[in-house]
Amino acid sequence: MSEHRSDCPINLALEVIGDTWSLLVIRDIMFGNRRHFRELLTRSDEGIASNILADRLRRLLANDLLSQAPDPRHKQRRIYHLTERSIQLVPVLATLGAWGRQHLPVSPELSIRARILDEGGPHLWHQFMDELRETHLGQPRPAGATSIAAQLEAAYQAELARRA
């Protein structure tokens, strides 16, 4: 008997990332550069509980969507890194964000990244994925490559300032 409900690719993907929190943890590492447990816990807009966060981090590590390393600045802290498998979720997250913007009552500041990714399309997604590979996997990008993460963060900060 299989340990999965079915071998359908959508079912299998949802068994790994389809719970309420897994994609949000990946989102916070990917777009918010939150790399430590405490940052993921305290800076989550959705207010994840510490036991749920610990469980999701364990599951994401077990499914090779995250890796972890000791923090050289603090012996008891771990730094979480995206893996290639999670970096390849950029198009999925961009598409989910675009769908959410189109069909749901989103806030301007929390949807600005989704708008930029939607408007930039696959070319921008691939540039962002290359940047994430550099940040999390140590794979260098070409010299002079622009930072998509910085563009997304600047747009978010500008939207926050405009709303204040």
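How much space lies in the largest pocket? In this predicted model, the largest pocket holds about 820 Å³ of space, and the legends below start from an overall view before turning to that pocket and to other sites.

**Figure 1. Overall view of the predicted model, which has 8 helices and 2 strands.** Followed along the sequence, the elements come in the pattern α-α-α-α-β-β-α-α-α-α. The radius of gyration is 16 Å, close to the 15 Å that the globule rule gives for 164 residues, so the protein is as compact as a globular protein of that length. Taken along the principal axes, the box filled by the C-alpha atoms is roughly 50 × 40 × 35 Å. Of the 164 residues, 38% count as buried, and the accessible surface comes to about 9900 Å², with 54% of that surface belonging to carbon and sulfur atoms. Among contacts between residues at least 6 apart in sequence, 51% join residues that are at least 24 apart.

**Figure 2. Close-up of the largest pocket, with a volume of about 820 Å³.** The lining of the largest pocket is made up of 30 residues, and those that lie nearest its centre are Leu24, Arg27, Gly97, Leu110 and Ala114. Two or more lining residues come from each of helix H2 (22-32), helix H6 (90-103), helix H7 (108-137) and helix H8 (148-163). Which element gives the largest share of the lining of the largest pocket? That share, 7 residues, comes from H6. By class, the lining of the largest pocket consists of 14 nonpolar, 6 polar and 10 charged residues.

**Figure 3. Close-up of the second largest pocket, with a volume of about 210 Å³.** This pocket is lined by 14 residues, of which Met30, Phe31, Gly32, Asn33 and Ala149 are the closest to its centre. At least two residues of the lining of the second largest pocket are supplied by each of H2, H7 and H8, and the largest share, 6 residues, comes from H7. The lining of the second largest pocket divides into 7 nonpolar, 4 polar and 3 charged residues.

**Figure 4. Close-up of arginine 113 in helix H7.** Is arginine 113 buried or exposed? With a relative accessible area of 16%, which is under the 20% cut-off, arginine 113 is buried. When residues up to four places away in sequence are left out, arginine 113 touches Phe31, Leu152, Glu153 and Tyr156. Of these contacts, Phe31 also appears among the residues closest to the centre of the second largest pocket.

**Figure 5. Close-up of the largest cavity, with a volume of about 40 Å³.** The structure holds 1 cavity of 30 Å³ or more. The residues that line the largest cavity are Trp21, Leu24, Val25, Arg27, Asp28, Leu40, Ser44, Glu46, Ile48 and Leu53, and H2 gives the most to this lining, with 4 residues. The lining of the largest cavity divides into 6 nonpolar, 1 polar and 3 charged residues. Leu24 and Arg27, which are in the lining of the largest cavity, are also among the residues nearest the centre of the largest pocket.

**Figure 6. Close-up of asparagine 33 and aspartate 64, two loop residues.** Asparagine 33 is found in the loop between H2 and helix H3 (37-42), and its phi is positive, at about 50°, although asparagine 33 is not a glycine. At 43% relative accessibility, asparagine 33 counts as partly exposed, and Asn33 is also one of the residues closest to the centre of the second largest pocket. Aspartate 64 lies in the loop between helix H4 (50-62) and strand E1 (66-71), and its phi, near 55°, is likewise a positive value in a residue other than glycine. Aspartate 64 is partly exposed, with a relative accessible area of 39%.

**Figure 7. Close-up of threonine 42 in helix H3.** Threonine 42 has a relative accessibility of 51% and counts as exposed, since the cut-off for exposed is over 50%. How many residues apart in sequence are threonine 42 and leucine 93? Threonine 42 and leucine 93 are 51 residues apart in sequence, and the distance between them in space, C-alpha to C-alpha, is 22 Å.

Technical notes
Residues are numbered from 1 along each chain as its sequence is written. This is a predicted model: local features need pLDDT of at least 70, side-chain atom pairs count only at pLDDT 80 or more; totals for chains, interfaces and linings use all residues. Side-chain values use heavy atoms; hydrogens and water are left out. On a 1 Å grid over the protein atoms alone, a cavity is a set of points where a 1.4 Å probe fits but cannot get out, and a pocket is an open set with protein on both sides within 12 Å along at least five of seven lines; lining residues have an atom within 4 Å of a point. Grid points are joined across faces, edges and corners, and a volume is the space filled by probe spheres set on the points. Ala, Val, Leu, Ile, Met, Phe, Trp, Tyr, Cys and Pro count as nonpolar, Asp, Glu, Lys and Arg as charged, and the others, Gly among them, as polar. The radius of gyration is taken over C-alpha atoms; the globule rule is 2.2 Å times the number of residues to the power 0.38. Buried means under 20% relative accessible area, exposed over 50%, partly exposed in between (1.4 Å probe, protein chains only). Contact means heavy atoms within 4.5 Å. Accessible areas come from the Shrake-Rupley method with a 1.4 Å probe; for residues, only the protein chains shown count as cover.
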